Amino acid sequence: MFLVSALLVGILFAVSTYLILQGSFVRILFGFILIANAANLVLLSMTGDPRGRAAPVVLDETVPMADPLPQALILTAIVIGFAVAAYFVFLLYRIFLDWKTDDALALFAKKKPTDL
Amino acid sequence: MGRRVHLLAMPVPVISCALIAWTLGQHEAGTQVYLEVWSWVPSLGLDMVLLVDGLSLFFGLVVSGMGVLIFWYAGAYLDDHYAEHNRFYSYLLLFMGAMLGTAFGGNLLFLFIFWELTGISSFLLIGFLYGTKEGQSGSRMALLTTVFTGLVLMAGVALLGLQVGSWHMRDILAADLGAMDAGMAAGLLLLFAIGAFGKSAQAPFHFWLPNAMSAPTPVSAYLHSATMVKLGVFLSARMFPVFVEHELWAPVLAGVGFTTLLIGSVFAFFSHKLKAILAYTTVAMLGLFIGFYGIALTTGARFDFMHILNHTAYKGALFMVVGIIDHATHQKYITQVGGLWRRMPLLGFITIVCAASMAGIPLTSGFISKEYLLTELYRFYESPVGLPGWLPLVFSVVAFAFMAAVGIRLVWHIFFRPETKEVAEHFHHPGLMIHLPPLVLAVATLTFGIFPALFGPLLQGLATPGLQQALDPEYTFKLWHGINAEFLTSMAILALSLPIFGAAQALGWRWDGIPRYLMLDLAFEKGVYALPKGAARVSQLLRAESPLDYIPLIAVTLSVFTGGYLLLHLETLHLAEAVAALPDTFYKQHLFVATLITLASFGIVLARRWTTQLIFLSTVGFLITVYFVLYQAPDLALTQILIETATLILILLILDRFPRSIQRGQRTMKRSGARKALNIGVSCAVGGTMFLLTYGAILRKEEDYIGQFFLDNTVDLAKGSNAVNTILVDFRGFDTLLEIAVLLIAILGAMGLIMRYRRNPAELEEAEFAAGGFSMRGHSEKEEK
């Protein structure tokens with residue numbers, strides 16, 4: 001099952017990289033959200049093997065529990081990821097307002113599309 | 001305060017000078033006293049230690065004594081010609097403090113910090129007239145040169161300290177180069193020498209000093225003649241006991257020093273700008289002092305302070321004279337002044353005395369100094385070490401002849417040739433006050449020249465262990481040593497200077513100063529400008545302004561280095577065994593969820609409409625919730641659900657405001673097949689790298705991991721059973737606070753992006769592009785009005 005987690009991480013990274021390399025800003029945004037999720041999974045997989053372990057809520061000291069540290073890190077990462085994604089959404093809209101395009105290629109070519 | 005601010009600044013050098021003189025009175029000659037004032041950064045071995053010995057007292061006296069005269073002089077010089085007197089005196093005081101810190105530095109790191117501070121204050125003072133082009137380029141050149149060589153020196157300071165194990169000067173001065181690696185010893189010597197050469201404007205760094213003369217004259221006289229540029233000499237003297245026995249000491253210091261002496265004096269002779277002439281003679285004399293330490297006996301130098309003091313006096317006075325001429329006639333070139341004797345006889349007297357001292361004419365201190373210098377040069381000629389014995393002697397004789405010719409020229413051209421029309425037009429008398437500081441120096445030059453025995457007690461009191469040979473207490477300096485080799489050489493130098501001056505006079509001095517290419521400053525400027533150009537070319541090469549091009553570059557670099565490394569060590573991952581063991585450890589739920597996530601993520605790529613893509617994206621997000629549950633992370637699952645919902649709503653809200661055609665992906669440019677293939681290749685490489693990296697990391701779960709600490713202590717320390725929660729709000733509470741701050745910043749930024757936008761009228765006409773809301777006027781609102 002380590003293999004499964006690692007494969008999932010690999011696939012999500014490949015897909016999000018592909019999305020980010022696309023021209024459309026919306027795809028870049030989706031790629032970013034996806035890559036944030038993939039990174040969370042990398043952290044999560046650091047927990048090791050969760051089988052036979054309980055959630056890290058200490059009610060009975062004798063029960064083996066999952067590593068809480070990756071979870072705490074991910075919790076922070078999810079929230080920060082959301083903040084950045086929200087900012088990106090607005091940025092995307094502002095770029096559209098200014099340039100009337102969602103295409104990075106057109107934007108970096110420094111020409112405003114005239115076919116409004 | 002305005003102009004009178006110098007009255008406020010004046011007490012500082014006066015008090016400093018008095019205190020140092022008092023300390024000198026208390027000081028027992030030939031000893032070194034360390035005052036451990038304060039442990040500044042103990043972990044770095046950086047302590048504030050003051051070292052009081054002959055050398056530091058001598059430089060302290062020169063700095064504060066010249067400071068008194070310069071502050072006095074500046075008060076009259078700045079006058080109404082300059083604005084912002086307060087800024088000027090602040091810089092000057094900063095500089096003086098830095099100089100004293102360097103001179104008395106008893107910890108090599110401490111000394112170095114002040115060494116660099118002098119460079120910074122010098123930069124500020126050269127650039128005092130920051131509006132002028134000369135001020136800008138001169139200060140930049142001085143800063144870059146001295147900072148670059150300062151960095152070289154820093155490497156030397158760090159290495160020497162590490163070798164010795166301490167930066168305390170007591171340990172540094174006791175350093176044994178012989179016990180070190182031969183390469184290390186030679187490297188240290190070169191690093192320190194380059195630091196000294198840069199500060200003292202030795203070849204090939206000599207170009208910055210003449211350009212630094214764009215500063216107001218008091219600054220030139222103080223920093224760039226009397227004190228700061230002598231720091232290279234000071235460093236040579238300070239490190240003398242450490243390095244003198246090294247075989248490179250003589251060739252490096254004497255070779256560079258005497259070459260600079262020759263170059264500087266010849267350049268001075270061929271210059272026309274008054275301050276440039278003095279700048280080059282200063283460069284030359286600094287070369288002489290450094291070379292003097294280079295040829296000194298390993299047991300110690302002799303009379304070194306006398307030579308430095310002599311130069312400080314006459315050169316400082318000459319700079320002040322040039323400043324007075326500038327003040328009185330507004331002329332900066334010697335070719336434009338003449339006939340000033342009639343108008344300013346006192347200034348003429350000062351100039352004659354100082355120029356005579358520069359030329360080494362009897363009855364001035366310059367003559368005494370030159371006699372003793374020649375003695376050393378003859379001694380070296382007879383028993384050379386490390387470089388040909390004739391070289392220092394011949395270079396010096398030629399250089400002295402040129403310098404004497406420069407002295408004759410200064411006196412003759414400025415005062416005794418017919419008055420030029422520039423002088424007649426602009427002259428106004430500068431007043432008596434401004435004459436007094438150079439007069440003091442000129443009188444001192446004469447006094448010591450006529451009664452050289454006065455040098456005796458001074459040098460006795462300033463004797464520095466390790467640096468100088470012990471002076472016989474009975475020794476007296478004499479004006480007349482009889483007709484010996486030194487006297488004859490001295491006369492020969494003067495005789496040689498006359499034809500040199502005469503030839504130039506016959507040619508009418510018709511040349512435009514020194515050829516620029518010899519001054520090296522243009523080459524330096526070119527280098528400075530080439531740097532950003534080169535940087536721009538590199539960033540162009542890396543496509544820094546085009547993210548779509550550099551992201552693949554970064555991704556490929558990551559894959560090649562990280563992924564490549566992991567591929568080379570593939571056997572450590574035991575992939576084959578993991579695949580073989582897959583059925584045994586088959587974890588159906590994991591595989592099922594992972595497959596669904598994979599399919600949904602492919603959906604994002606394949607779908608064209610934004611809404612469809614968003615649905616797939618949300619599907620991935622919600623499925624990851626399930627994955628979190630499988631990993632025993634209920635908190636994460638809850639948070640993920642909340643955040644995923646919020647993201648979905650937010651994106652839907654905003655995306656809805658885009659025109660439908662864009663939402664359908666119809667307006668995005670088509671990419672070429674090759675680009676698509678590249679994208680797929682890069683993505684697969686990144687995916688593969690992350691797979692290997694993650695798998696490799698999972699395999700290495702430590703038995704003793706940090707998380708266990710939180711599990712063990714969450715109830716006791718944080719009074720909470722949920723370890724994840726206590727980490728966030730208790731153990732790492734501040735991190736969470738900052739995380740909230742990030743949210744706040746993102747919200748403010750997002751609001752700023754939208755709210756600051758103003759629609760133009762044309763935009764409002766088109767319903768597709770002008771959705772209302774978010775404090776923006778929309779198409780529909782316009783129709784209502």
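## Helices and contacts in a two-chain model

Helix 6 of chain B (residues 133-164) has 32 residues, and at 1.5 Å a residue these should span 46 Å; the end C-alpha atoms of helix 6 of chain B are 45 Å apart, so the two values agree. Just after helix 6 of chain B comes G165(B), with a positive phi of about 95 degrees. Keep in mind as you read on that this is a predicted model.

Let's turn to how the two chains meet. Chain A brings 75 residues to the contact and chain B brings 89 residues. On the side of chain A that touches chain B, the elements giving two or more residues are helix 1 (2-20), helix 2 (25-45), helix 3 (68-99) and helix 4 (104-108) of chain A. Of these, helix 3 of chain A gives the most, with 23 residues. By residue type, the side of chain A that touches chain B divides into 57 nonpolar, 12 polar and 6 charged residues.

Helix 3 of chain A has a partner across the chains in helix 29 of chain B (residues 634-655): their axes come within 10 Å and cross at roughly 0 degrees. Angles under 35 degrees count as roughly parallel, and helix 3 of chain A and helix 29 of chain B are therefore roughly parallel to each other. Among the residues making this contact are I74(A), I78(A), F82(A) and Y93(A) from helix 3 of chain A, and L636(B), I643(B), L650(B) and I654(B) from helix 29 of chain B.

Within chain B, there is another pair to look at. The axes of helix 10 (residues 217-226) and helix 14 (residues 274-295) of chain B come within 10 Å and cross at roughly 25 degrees, which makes helix 10 of chain B roughly parallel to helix 14 of chain B. The crossing of helix 10 of chain B past helix 14 of chain B is right-handed. Helix 10 of chain B makes the contact through S220(B), H224(B) and S225(B), while helix 14 of chain B uses K275(B), L278(B), A279(B) and T282(B).

Here is the make-up of both helix contacts:

| Contact | Nonpolar | Polar | Charged |
|---|---|---|---|
| Helix 3 of chain A with helix 29 of chain B | 15 residues | 4 residues | 1 residue |
| Helix 10 of chain B with helix 14 of chain B | 2 residues | 4 residues | 1 residue |

Finally, the domains. Chain B is divided into domain 1 (247-455 + 466-510), domain 2 (547-719) and domain 3 (732-785). The C-alpha centres of domain 1 and domain 2 of chain B lie 77 Å apart.

Methods: Residues numbered from 1 in each chain as written. Chains lettered and ligands numbered in written order. Predicted model: local features only at pLDDT ≥ 70, side-chain atom pairs only at ≥ 80, totals over all residues. Contact = placed C-beta atoms within 7 Å. Helix = DSSP H or I, 4+ residues; strand = E, 2+ residues; numbered from the N terminus. Nonpolar A, V, L, I, M, F, W, Y, C, P; charged D, E, K, R; others polar. Domains from an automatic or database assignment. Axes fitted to C-alpha atoms, helices over the stretch in contact; angles between N-to-C directions. Parallel < 35°, antiparallel > 145°, perpendicular 65-115°, else oblique. Left-handed = near helix turned anticlockwise from the far one by under 90°. Expected span 1.5 Å × (residues − 1).
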